[in-house]
Amino acid sequence: MVIPALLLLSFQYSAEPPVQVTGKKPKNIILLIGDGTGLTQISAGMYAHGKQLELEQCTVTGLILTHSAKHLITDSGAGATAFACGCKTYNGAIGVDKHKKPCLSILEQAEQQGLATGLVATSSITHATPASFIAHVPDRADAQAIAADFLKTDIDLFIGGGMKYFNARSIDQRDLVQELKDKGYAVYDYNQSPLNALTPDANKPFAWFSAEEEPGQIDEGRDYLPLAARLATGFLKKRSEKGFFLMIEGSQVDWACHANDVPRAVKEVLDFDAAIGEAIRFAEADGETLVIITADHETGGMALEQSRSPDSLDITFMSKGHTATMVPVFAYGPGAEQFGGVYDNTAIYTKMRDLYGFPVPEKSN
Ligand code: MG
Ligand code: ZN
């Protein structure tokens with residue numbers, strides 16, 4: 001049955017109202033995005049894990065609506081741009097509003113305010129989710145243009161794949177890996193320097209490439225997400241006395257669900273949850289860190305159905321694409337109380353901005 005949902009699409013979104021912050025404010029924010037990780041994916045991870053997930057330590061839960069400016073079903077570019085900039089935009093947009101104008105991201109605002117900043121992903125670092133926090137490109141497919149935007153910032157740390165978009169470019173002859181080094185970055189790649197063998201020098205910004213293109217699946221030996229979460233939090237804490245903003249993406253839950261691959265989806269959820277555990281342990285020890293866990297959308301219309309045996313589940317998919325179902329938000333630490341309730345994905349940005357105490361940027365949309 002098709003239901004009209006015109007109400008949402010015809011509604012003109014205005015800027016989210018400022019958040020009334022009454023409790024303790026966080027100095028650091030770690031935003032963890034499970035791409036395609038809806039409530040069913042998390043439930044599947046819980047049942048498969050056989051013990052509590054790390055994210056269950058969160059004290060507050062909420063739900064967000066994920067639709068983009070013109071589509072009830074978002075893509076990861078519009079979804080991440082809503083988190084990064086607080087505006088609804090079109091599917092495929094990277095850090096630009098619906099008129100294709102650049103929107104100032106929470107990462108850029110953090111940088112302007114003297115905080116340290118970082119991005120970690122299990123995809124190419126130029127992929128839609130991390131890209132939306134640092135780049136301003138009308139089309140998510142322009143990975144080389146996205147890579148070039150990294151050089152326009154002073155991001156303190158990034159970890160992910162996609163090295164070829166930096167150093168084997170067809171749109172220009174720039175070697176962005178060399179340019180990063182010239183800017184003072186310590187740049188490492190997966191071949192020479194496994195992440196677990198590195199102790200980064202906090203006096204230099206840090207870049208680690210996990211793959212030439214996209215890192216492989218967990219089964220092929222990719223196990224860096226929890227490690228990267230631990231390294232990034234410790235590193236960023238040393239980089240600025242004013243605090244930090246860090247986005248960590250479990251990128252491949254989405255890919256596993258597009259492929260309707262249940263074992264891989266569960267493994268990716270548990271890998272993401274292990275990174276959540278690292279973030280929460282850091283926040284617990286630090287006492288000034290807010291951890292937010294959410295998803296850009298659900299993927300696959302995953303369902304947990306009765307199997308023949310009463311103590312097992314038959315995990316099925318309704319779709320090969322994204323769905324419009326609301327997705328959960330979990331929060332831990334100072335400011336977590338702001339994240340209960342039902343709200344729009346753009347409010348994730350507003351809440352972070354107001355908890356940091358950053359100014360409201362001049363609106364371009
Ligand atoms: Mg993604
Ligand atoms: Zn997807």
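Walk along the chain and the donors of the zinc ion (ligand 2) turn up with the spacing D-x3-H-x63-H. Keep in mind that this is a predicted model. H258 sits in helix α10 (residues 252–258) while H322 belongs to strand β12 (residues 322–323), so this pair ties together parts of the chain that are 64 residues apart in sequence.

Now zoom in on the atoms themselves. D254 shows up twice in the donor list, each time through an OD atom, and H258 and H322 each bring in NE2. These protein donors lie 2.1 to 2.3 Å from the zinc ion (ligand 2). What about the geometry? The angles among the 4 donor atoms run from 58 to 152°, and the site counts as irregular. To be called tetrahedral, four donors would need all angles between 85 and 135 degrees, and the range of 58 to 152° at this zinc ion (ligand 2) goes outside that. Bear in mind that water is not among the atoms, so a site like this may look incomplete.

How open are the two histidines? H258 is partly exposed, at 27% relative accessibility, whereas H322 is buried, with a relative accessible area of 16%. The cut-off for buried is under 20%.

Let's leave the metal and look at L55, which you'll find in the loop between α2 (39–49) and β2 (60–65). Loop or not, L55 is buried, with a relative accessible area of 5%. Leaving out residues up to four places away in sequence, L55 touches I42, D273, I276, I293 and F330. As for G301, it is 246 residues from L55 in sequence, and the two are 22 Å apart in space, C-alpha to C-alpha.

Note on methods:
Residues are numbered from 1 along each chain as its sequence is written. Chains are lettered from A and ligands numbered from 1 in the order in which they are written. This is a predicted model: local features need pLDDT of at least 70, side-chain atom pairs count only at pLDDT 80 or more; totals for chains, interfaces and linings use all residues. Side-chain values use heavy atoms; hydrogens and water are left out. Donors are N, O and S atoms within 2.8 Å of the metal (3.2 Å for Na, K and Ca); water is not among the atoms, so sites may look incomplete. Four donors count as tetrahedral if all angles lie between 85 and 135 degrees; four count as square planar and six as octahedral if opposite donors are over 155 degrees apart and all others between 65 and 115; anything else is irregular. Helices (H or I, at least four residues) and strands (E, at least two) are DSSP runs, numbered from the N terminus. Buried means under 20% relative accessible area, exposed over 50%, partly exposed in between (1.4 Å probe, protein chains only). Contact means heavy atoms within 4.5 Å.
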